[in-house]
Each structure stands twice: as structure tokens, then as C-alpha cells.
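Reader: Hello! I am new to this structure and would love a close look at one part of it, with a walk through its surroundings afterwards. Could you take me along step by step?

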2 protein chains.
Amino acid sequence: EVKYEAISPADFFYRNRDIAGFDNPMRAIYTAIRELVENSLDACEDGGILPEIMVIVEEVDENTFKITVMDNGIGIPRDNIQSCFGQILYGSKYTHRQARGRFGLGGKMAFLYGQITTHKPLHVVSAPIGDEWVYDVTLRMDIQNNRPELLEWTRRKGKKGWHGLVVEFYIEGDWIRAKRYILEYIKQTALITPYAAITFVDPEGVLYFFPRSVEKMPSPPTEVLPHPRGVDVEQFRRIISETKTRDMVSFLRTHFHRVGKKTAEKFLDEVGISRDKDPRELKPDEIITLVRKMKTYKEFLPPDAKCLSPLGEELLEAGIRKELNPDFVKVVQRPPSSYGGHPFIVEVGMAYGGGVPRSEEIALYRFANKIPLLFDEYKDVSAKVIRSIKWSRYRIKPGMPIAVFVHLVSTNIPFKTAGKEFIADRPEIEVEIRRGILECARALMRYIQRKERAARERQR
Amino acid sequence: EVKYEAISPADFFYRNRDIAGFDNPMRAIYTAIRELVENSLDACEDGGILPEIMVIVEEVDENTFKITVMDNGIGIPRDNIQSCFGQILYGSKYTHRQARGRFGLGGKMAFLYGQITTHKPLHVVSAPIGDEWVYDVTLRMDIQNNRPELLEWTRRKGKKGWHGLVVEFYIEGDWIRAKRYILEYIKQTALITPYAAITFVDPEGVLYFFPRSVEKMPSPPTEVLPHPRGVDVEQFRRIISETKTRDMVSFLRTHFHRVGKKTAEKFLDEVGISRDKDPRELKPDEIITLVRKMKTYKEFLPPDAKCLSPLGEELLEAGIRKELNPDFVKVVQRPPSSYGGHPFIVEVGMAYGGGVPRSEEIALYRFANKIPLLFDEYKDVSAKVIRSIKWSRYRIKPGMPIAVFVHLVSTNIPFKTAGKEFIADRPEIEVEIRRGILECARALMRYIQRKERAARERQR
Ligand SMILES: Nc1ncnc2c1ncn2[C@@H]1O[C@H](COP(=O)(O)OP(=O)(O)OP(=O)(O)O)[C@@H](O)[C@H]1O
Ligand SMILES: Nc1ncnc2c1ncn2[C@@H]1O[C@H](COP(=O)(O)OP(=O)(O)OP(=O)(O)O)[C@@H](O)[C@H]1O
Ligand SMILES: [Mg+2]
Ligand SMILES: [Mg+2]
């Protein structure tokens with residue numbers, strides 16, 4: 001009379017779609033577009049391709065829209081297309097590498113929401129790079145079993161050199177409320193991804209074109225081994241179960257980031273584990289001892305942030321100038337740091353005067369792995385830092401025309417929600433954001449002082 | 001070279017445990033205890049049993065604790081024990097019925113976090129009601145495959161009449177920071193569940209006893225059919241695939257809440273669907289038309305909140321008096337309402353003076369389905385309502401000793417996070433919370449005015 005049952009992850013996120021950012025018709029349409037644009041940008045960067053992305057939103061019925069997103073990325077190989085769109089918790093972003101995607105959820109949630117509001121299937125055309133064929137797939141999601149339900153599948157010869165992906169689906173949403181957020185999202189995406197060309201056509205037929213402002217792709221992020229400091233027991237056991245090494249020194253050198261022979265030997269001696277021990281023979285309390293000591297051992301080299309792909313001071317400044325046309329801009333790229341074994345870099349920009357609007361509060365623009373974050377600002381670590389700063393100490397008062405830009409890149413962004421709305425406050429990240437903002441605040445203060453002095457000079 | 005893979009839901013919540021409330025060592029130990037106490041309370045209420053719950057936290061190592069939770073609930077049947085604790089997205093709360101649990105996640109996340117920090121297994125003793133045997137199970141979670149890994153399984157004859165559950169596991173956490181929140185959580189649980197007896201033993205060996213203050217169980221919540229207003233295409237299709245009815249009138253009457261013969265016929269005529277049509281023969285656009293019309297059709301009866309189990313004005317007032325010893329208490333149970341087809345009831349209490357501490361902001365106590373919510377107050381719908389009220393209109397000024405209690409019960413609480421920290425702002429819920437608070441504010445205003453008048457009388 002008490003019924004015990006299991007549900008699929010698709011069923012879980014269907015019933016609890018608030019958790020994935022689909023809590024009302026306005027956020028649903030915003031989140032759907034956001035997830036698809038991020039998939040396209042990731043797909044282009046994965047192939048080192050200058051992104052060309054087109055987003056078309058057409059009204060087909062009252063509150064019902066057809067959304068089309070096209071890109072020139074690497075596409076999806078023939079055998080992965082259905083799972084990429086029909087199976088929740090499936091994707092290519094489960095790696096230790098900087099990317100916008102990470103959950104294996106976003107694109108599929110967009111279609112799931114579309115399917116449950118319009119009953120229409122998803123149409124995908126995939127031209128995987130290096131494949132002469134183009135695949136045309138129509139599918140639904142079988143939510144209870146978390147698997148794709150194929151409706152149509154054809155292939156044709158591809159046009160010479162075309163590669164990329166087209167997705168088309170229908171969704172019920174509040175376009176009128178969502179419109180300004182979607183446009184703001186695309187504008188900010190153009191700022192933080194100046195090498196991308198984005199075209200957007202809205203339901204009224206208006207075309208917005210955001211051309212690229214640089215012609216060069218940044219160096220791509222690379223995959224890294226886990227850093228010893230961030231490892232927990234589960235990760236450790238998985239590495240043991242897959243390792244080909246047969247002694248502890250090779251084990252540490254092979255599987256952990258920047259652990260060399262000397263460091264491994266010194267560490268093992270200090271922990272009291274034999275250098276020649278076969279890792280598969282470690283007992284549970286030895287594993288626990290290793291993991292705990294790895295968290296606190298001082299001699300490990302810090303994570304190398306060469307694997308990351310930040311925007312860079314030059315491009316961030318150019319983007320801010322283009323966006324706001326301010327009188328003064330200061331940008332700072334903080335030195336690389338890490339939290340829990342994950343490398344990260346914080347980039348901060350501050351703009352003053354010119355086209356920056358005056359307001360009671362400092363305008364805050366937040367980005368994480370080149371994703372603009374538009375909602376839930378109050379709880380974000382950047383907003384907390386701004387609230388905690390004594391701005392008067394830098395002669396910065398309420399009502400001044402100031403905007404702050406914070407961009408965090410990492411192999412692992414600590415999002416607090418599956419809808420990627422805001423970032424948790426990890427102390428190491430908070431420290432770097434604070435230092436970046438204060439560095440900009442000091443530069444702004446000197447600029448204001450110089451201007452005031454120059455004004456006084458002219459008055460004499 | 002691009003690697004496509006699927007991960008299990010256990011793996012997803014392991015990698016993204018911030019999303020489930022396990023983002024730092026303090027919140028982890030708090031959330032773990034919270035989830036287990038709520039499981040025990042649900043298990044007692046499921047059997048109409050006056051809850052007796054004991055929570056023991058012992059320090060076994062620096063920052064490592066053994067947690068034991070015991071209850072006298074209905075226990076878990078022999079064949080469901082392992083899945084209840086070793087398989088994420090498995091449970092008995094996937095029904096249209098008011099309960100603290102809903103995700104099939106909470107208890108398991110507590111053990112998962114314990115396992116990855118301490119490598120120790122979970123020990124469960126289950127005495128399912130009506131079973132002469134008691135089952136003793138030790139298991140680990142196989143996170144990658146989302147299934148239990150059984151280590152030991154024995155059974156013995158149960159002591160006469162004992163039923164319930166004992167869970168023991170180890171966890172690394174920041175007890176010192178978590179302590180006050182855990183004690184506050186248990187105190188507030190005692191307030192909102194006055195029929196429960198809770199004992200808590202902390203690592204210092206101090207025993208806190210919260211005896212029950214009423215001897216009578218409230219009438220239990222009951223399961224309801226989905227209300228037509230809340231149904232989406234996916235739910236509709238599932239009902240069709242399982243229905244035994246063969247005409248649309250029976251289909252509507254059998255599967256939807258409070259739809260009678262007359263209402264069903266009238267609705268079908270209005271939508272233009274034949275009364276005799278076999279529901280399994282509905283075409284996709286007929287389904288879409290039905291679902292859309294069901295959302296807006298005015299003649300459906302509103303959801304019946306008899307299925308809900310609120311605390312009641314009398315018990316809420318008694319709990320507030322016991323907790324704060326105020327001079328004035330006003331409690332209000334709002335009439336039942338619904339959002340998206342889910343019935344809900346809002347109960348509000350306001351306390352003033354006496355033991356209520358003075359503070360700049362009104363102290364807010366939040367509860368949902370008898371769960372105290374201690375974190376993320378700012379974003380909660382109740383906090384938003386309080387911020388939006390013109391308190392001066394009710395002669396209520398900052399610094400007065402005022403506390404507000406808001407309790408929401410529903411078959412479906414719209415939590416914004418898997419950690420159940422705060423409630424989304426659905427307009428219908430917001431309206432009822434506002435009305436409840438204003439009703440209390442008016443009563444408080446009259447009380448204050450009477451006191452001031454009496455004070456002036458005495459002065460003459
Ligand atoms: N436009 C695209 N081009 C190429 N591959 C794509 C595209 N869109 C999706 N994919 C593939 O489908 C996978 C699943 O996408 P989905 O958005 O569901 O999850 P994700 O991007 O991995 O993670 P997240 O949930 O964080 O977005 C991606 O990992 C990627 O491999
Ligand atoms: N103390 C207990 N007594 C009886 N049954 C229990 C107890 N604890 C857990 N269970 C059973 O195990 C199931 C899974 O518990 P779990 O906490 O993982 O999920 P849930 O309570 O269903 O949902 P939520 O994630 O919202 O807590 C419950 O649904 C219940 O059937
Ligand atoms: Mg994605
Ligand atoms: Mg639970």
C-alpha cells in the first residue's frame with residue numbers, strides 16, 4: 001500500500017524542471033535559447049572554428065514559437081545524434097576541461113519543455129565534420145525511460161565543406177517578457193565572445209546582427225588531470241579501478257596533475273605508504289589517509305592554468321568599450337589560482353562615465369566560462385563581494401555611472417543551480433574577485449582624482 | 001577525439017552535489033541530518049504513528065562524525081531496503097500526496113557524501129511494520145552504476161511490536177559551524193510537528209529532549225488525482241497509455257480530480273471532441289487542444305484541499321507561544337487555493353512582544369510541508385512578500401519585536417532547489433501569503449492601538 005518505485009533522470013527533471021531553470025513561461029523560453037546558443041559556441045570552439053550562429057524565433061500560434069538554431073561547429077557524429085538530444089545525462093562535456101556545457105542536460109531540457117507544452121517532435125540536421133554525409137533526424141523524448149524515440153532518419157550527401165548543426169523545435173513560452181532578456185543575453189555573449197558572429201531574428205521579423213570584432217580564435221582550453229588537492233575517495237577509487245600502473249609513484253605521476261617523481265616519492269614517504277606498493281592493494285583506511293593528506297600537503301605544485309582559455313585583458317577592454325562607450329576602462333586579469341584542485345582565472349573590468357548609465361547601485365555584468373549570467377544576481381559571489389566593499393574609501397559614491405564586469409573561467413564552475421544562474425561562494429574565488437575589483441577601483445580613483453585636479457587647474 | 005558518454009543520476013549528483021545542498025562541510029552535515037529526520041517523520045506519519053525520533057552525533061575523528069537516526073515508523077520492507085538507500089531516484093514519495101520527501105534523493109545524498117568523505121559503508125536496521133523479521137543491512141553505493149553494493153545482510157526475529165528504522169553512517173563535516181543550525185532546525189521541527197518526540201545527542205554528549213506537546217496525530221494527507229488545470233501533454237499521454245476507460249467522459253471522470261459526468265460532457269462539447277471517442281484514438285493536435293483548454297476552462301471545480309494535512313490554527317498558536325512566549329499572537333489559516341492544479345493551504349502566524357527579540361527586520365520563520373527552511377531566506381517568496389509590504393500603514397516600525405511564521409502545505413511544493421532551501425514565487429501562493437500576513441498585521445495593529453489607549457487611560 002506504500003508504493004516504491006524508481007524514476008528516470010528525465011522523469012526527475014520533468015517533474016522538477018524548476019531546478020533546471022524552466023520554472024515559468026518566460027524563463028523557459030530564455031533558458032531554452034541560452035542552452036542551445038551555448039551548445040553551438042562549444043561546438044565551434046571544440047573544432048577551433050570561428051563561430052557563425054543563427055537563432056530564429058517565429059510565432060506559430062498564440063504563445064507558441066518555433067525556434068531554430070544553426071551553427072557551423074563540429075556537428076554530431078551519426079551514432080550519437082539521438083542520445084545527445086533524447087537521453088538526459090548524456091554528452092561530451094564530462095571532462096576536466098573548460099566548456100560552457102557540463103551537465104549533459106541543457107539542450108535536452110529545452111526540447112523536453114517544448115515537447116510537453118506543444119507535443120511536437122524535435123528536428124535535427126547534423127553535418128559532422130569529416131563526414132561526407134548529412135543526417136536528418138526527427139525524434140521525441142521517451143521521458144519515462146529516458147531514451148530517444150526515433151520518428152524519422154534520413155541521410156544525404158553534404159554540400160562541400162559544410163559542417164555544423166541545425167536544431168528546430170517548438171515551445172510554448174512568454175516571448176514578450178523574455179524578449180529583452182534574450183536580446184541582452186545575445187549582446188553580452190557578443191561582448192564576451194568577440195570572435196563569434198551571431199544573427200538573431202525575432203518573431204516580428206526583425207533581424208539583429210552581431211558581427212565578430214576579432215578574426216582570431218583564442219587558444220583552446222585543454223584537458224587536465226585531476227589535481228591531488230581536489231580528489232575525494234570516490235574519484236580515487238575510480239582511478240585505482242582503471243589504472244595500468246603497478247606502483248604508487250607511477251600511480252601518482254600518471255594520474256594527477258603536475259605530480260613529478262620527486263614530489264610523489266616525498267609525499268609517499270611522509271604519508272607512510274610504500275613507494276612500490278601496488279595501488280590496487282591499498283586498504284580502505286590507506287585510501288582515506290592518502291586522500292586526506294593530499295588535501296593538505298603543502299608541496300604539491302598549484303594547478304597550471306595553461307589549460308584555461310580566458311578572454312584576455314585586451315579583448316575584455318575592447319568589448320566593454322564597444323558595449324558602453326565609457327570615458328574610463330580598467331581591466332585586470334588576476335593570476336591563476338585554484339579551488340578544490342580546479343584551476344581558475346578571474347578577469348575583472350570596470351567602466352566609468354561616458355555611456356555608462358548613472359544608478360544607485362553599481363551595475364554588475366557576470367560571466368562564467370563565457371556564459372552571461374543574467375538572473376539571481378543577489379546570491380552570486382560577485383554581488384556579495386561588491387556589497388561588502390567600502391566604496392567610499394575609493395571616493396566612489398552611489399549615483400555615479402559605474403559598471404563592473406566579472407568573468408570566471410575554470411575547468412569546474414561551481415554553479416549553485418542546474419539552471420546555471422549564479423556561482424557559489426568558494427573562498428578562493430571570492431578572494432580573486434575582490435582583489436580584481438579593488439585593483440580596478442584604485443585605478444578609477446586615480447582617474448577621478450586626476451580629472452578633478454585638471455578641472456581645478458582650468459578654473460584658475 | 002570528442003568523447004560522448006552517459007552518466008548515472010548518482011554520478012550527476014555526486015559531481016554536482018552543490019545542487020542538492022552539499023556544497024560545503026557545514027551545509028553537508030546540516031543537510032544530511034535534515035534529510036534523515038524528514039524521512040523518519042514521513043515514515044511515522046505514513047503509518048499514523050506518534051513519532052519517536054532519536055538523532056545521535058558522535059565525534060570519531062577530527063571532523064569525522066558517526067550519525068545515527070532511529071525512528072518508530074513503518075520501516076522499509078525487506079526487498080526495498082537496498083534500493084531505498086543505494087539507488088538515487090528511488091522512493092515512495094512519487095505520488096500526488098503531501099509529504100516531506102519528493103525527489104527520491106535526500107537520504108541517499110547524505111550517505112553518498114558520507115561515503116566519499118569517509119569511505120565507510122552505511123548500516124541500516126529495518127523492522128517493517130507487520131513483518132516478524134528485522135533486517136540488518138550493510139551497503140555501499142556504486143555511484144557510477146547507481147545501484148547498491150551489498151556488503152552484509154542478516155535477519156533476526158524482531159522484539160515484540162517494534163517497528164521502525166535505524167540508520168548509521170559516517171560523514172566528514174564542520175560540526176562546530178553546523179551545530180546552531182541543526183539545533184535550530186530541531187527546535188523548529190518540534191514547533192511545526194508538536195506531536196513528535198525528538199531526542200538529540202550532540203558530540204559533547206549533551207542530550208536535548210523535545211517532548212511532544214500534543215497526543216493526537218493530525219488526520220493524514222490523502223492522495224489525489226491530478227487536477228485538469230495542471231496537466232501538461234506528457235502527463236496526459238501517460239494517463240492515456242494506462243487508462244482502462246474507452247470513452248472520453250469516463251476518461252475525464254476517472255483520471256481527473258473532481259470532474260463529474262456533467263462537467264466532463266459540457267467540457268468535451270465545448271472543445272469539440274466527441275463524448276464517445278476512445279481516448280487512445282486522440283490525435284496529437286486533439287491532445288494539445290484538450291490540454292490547453294483544460295488550463296483555461298472556467299467550470300472545473302477548484303482542487304479540494306481535504307487531501308492536505310496542515311498544522312491548524314490552534315496547534316500553530318500553541319507552538320509559537322511555546323517557542324517565543326510573546327505578549328500577542330495571531331494565527332490565520334487561509335482558505336484552500338491551488339496553483340497549476342495543485343491544492344495548497346497557507347498558514348500564517350504573527351507574534352509580538354514578550355520573548356520576541358527586537359530587531360531591525362521582522363524575524364521570519366518559514367515552513368513547507370512541515371519542513372523548517374533555514375537558509376536562502378532572501379529569495380524565498382515569503383521574504384519577498386514581507387519586503388513588499390508598507391508596514392508603516394499598520395503602525396509597525398523597524399526595531400519592534402515581531403516574528404512572522406509562514407507554513408505552506410501542498411501536494412507539490414515548488415522548491416527552487418534540490419536542497420529544498422526556498423520556495424519559488426508562484427503568484428497564487430504569493431497572494432495567499434500576503435493576505436495571511438496582512439490579516440495578522442491588522443490584528444497586531446488593533447492590539448497595539450488598544451494597549452496605547454489603555455496606557456493613556458492609566459495616565460489620567
Ligand atoms: N550545436 C551542437 N553541435 C555539436 N554538438 C552538440 C550541439 N548541441 C549539443 N551537442 C552535443 O550534445 C551534447 C548534449 O548537449 P546538452 O546541452 O544536453 O548537454 P551539455 O552541453 O553537455 O551540458 P549542459 O547541460 O551543461 O548544457 C553535448 O555535450 C554535445 O556533445
Ligand atoms: N526512516 C525511514 N523509514 C521508512 N522509510 C524510509 C526511511 N527513510 C527512507 N525511507 C524510504 O526510502 C525512500 C528514499 O528516501 P530518500 O530520502 O532518498 O528520498 P525521498 O524521501 O523519497 O525524497 P527526498 O529526496 O525529497 O527526501 C523514501 O521514499 C522512503 O520510502
Ligand atoms: Mg549544453
Ligand atoms: Mg527523504
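Is A:D136 buried or exposed?

Author: Happy to help, and one thing to keep in mind from the start is that this is a predicted model. A:D136 is buried: its relative accessible area is 15%, and the cut-off for that word is under 20%. To find the residue, look for strand β6 of chain A, which covers residues 133–142.

Now turn to the company that A:D136 keeps. Its side chain makes a polar contact with the side chain of A:H123, at 2.5 Å. If you set aside the neighbours within four places in sequence, the residues in contact with A:D136 are A:H123, A:V124, A:V125, A:E152, A:W153, A:T154 and A:R156. A:H123 thus appears in two roles, as a partner in the polar contact and as a member of that contact list.

From there, let us visit another buried residue of chain A. A:G86 belongs to helix α3, residues 81–86, and with a relative accessibility of 0% it counts as buried. Not counting residues up to four places away in sequence, A:G86 touches A:K108, A:L139, A:M141, A:N146, A:R147 and A:P148. You can also trace the distance from A:G86 to A:L112: they are 26 residues apart along the chain, and their C-alpha atoms are separated by 8.7 Å.

Next come the ligands, beginning with ligand 1. It is surrounded by 23 residues, of which A:S92, A:R102, A:L105, A:G106 and A:K420 are the closest. The surrounding residues come from chains A and B, so this site is shared between chains. In chain A, α2 (25–46), β4 (90–91) and α4 (106–118) each supply at least two residues of the shell. The largest share, four residues, is from α2(A). Sorted by class, the shell around ligand 1 holds eight nonpolar, nine polar and six charged residues.

Some individual atom pairs help to picture how ligand 1 sits there. A backbone N or O atom of A:G106 is 2.6 Å from an oxygen atom of ligand 1, and a polar backbone atom of A:G107 is 2.8 Å from an oxygen atom of the ligand. A side chain takes part as well: an N or O atom in the side chain of A:K93 lies 3.3 Å from an oxygen atom of ligand 1. Taken alone, ligand 1 exposes 600 Å², and the protein buries 96% of that.

Ligand 2 has its own site. Here 23 residues lie around the ligand, and B:S92, B:R102, B:L105, B:G106 and B:K420 come nearest. Chains A and B both provide residues around ligand 2, so this site too is shared between chains. On the chain B side, α2 (25–46), β4 (90–91) and α4 (106–118) each give at least two residues to the shell, with the largest share, four residues, coming from α2(B). The classes in the shell around ligand 2 are eight nonpolar, nine polar and six charged residues.

For the atom pairs of ligand 2, start with the backbone. A polar backbone atom of B:R102 is 2.7 Å from an oxygen atom of the ligand, and a backbone N or O atom of B:G107 is 2.8 Å from an oxygen atom of ligand 2. From a side chain, a polar atom of B:E35 lies 3.4 Å from an oxygen atom of ligand 2. Ligand 2 exposes 590 Å² when taken alone, of which the protein buries 96%.

How do the two chains relate to each other? Chain A superposes on chain B by a rotation of 180° with 0.0 Å of shift along its axis, at an RMSD of 0.0 Å. The two copies are thus related as by a two-fold rotation axis. In chain A, the C-alpha of A:P9 is nearest that axis, at 3.1 Å from it. Of the interface residues of chain A, 100% are also interface residues in chain B, so the copies meet through the same surface.

Finally, here are two loop residues to look up. Most residues other than glycine have a negative phi. A:N325, though, has a positive phi near 50°; it sits in the loop between α10 (313–324) and β11 (328–333) of chain A and is exposed, with a relative accessible area of 59%. B:K370 also has a positive phi, near 65°, and its place is the loop between β14 (363–368) and β15 (371–373) of chain B. B:K370 counts as buried, at 2% relative accessibility.

Key. Residues are numbered from 1 along each chain as its sequence is written. Chains are lettered from A and ligands numbered from 1 in the order in which they are written. This is a predicted model: local features need pLDDT of at least 70, side-chain atom pairs count only at pLDDT 80 or more; totals for chains, interfaces and linings use all residues. Side-chain values use heavy atoms; hydrogens and water are left out. A residue is near a molecule or strand if one of its heavy atoms lies within 4 Å of it. A polar contact is a pair of N or O atoms within 3.5 Å; within protein, one must be able to donate a hydrogen and the other to accept it, and residues adjacent in sequence count only if both atoms are side-chain atoms. Accessible areas come from the Shrake-Rupley method with a 1.4 Å probe; for residues, only the protein chains shown count as cover. Ala, Val, Leu, Ile, Met, Phe, Trp, Tyr, Cys and Pro count as nonpolar, Asp, Glu, Lys and Arg as charged, and the others, Gly among them, as polar. Copies are superposed by least squares on the C-alpha atoms of residues with pLDDT of at least 70 in both. Contact means heavy atoms within 4.5 Å. Buried means under 20% relative accessible area, exposed over 50%, partly exposed in between (1.4 Å probe, protein chains only).
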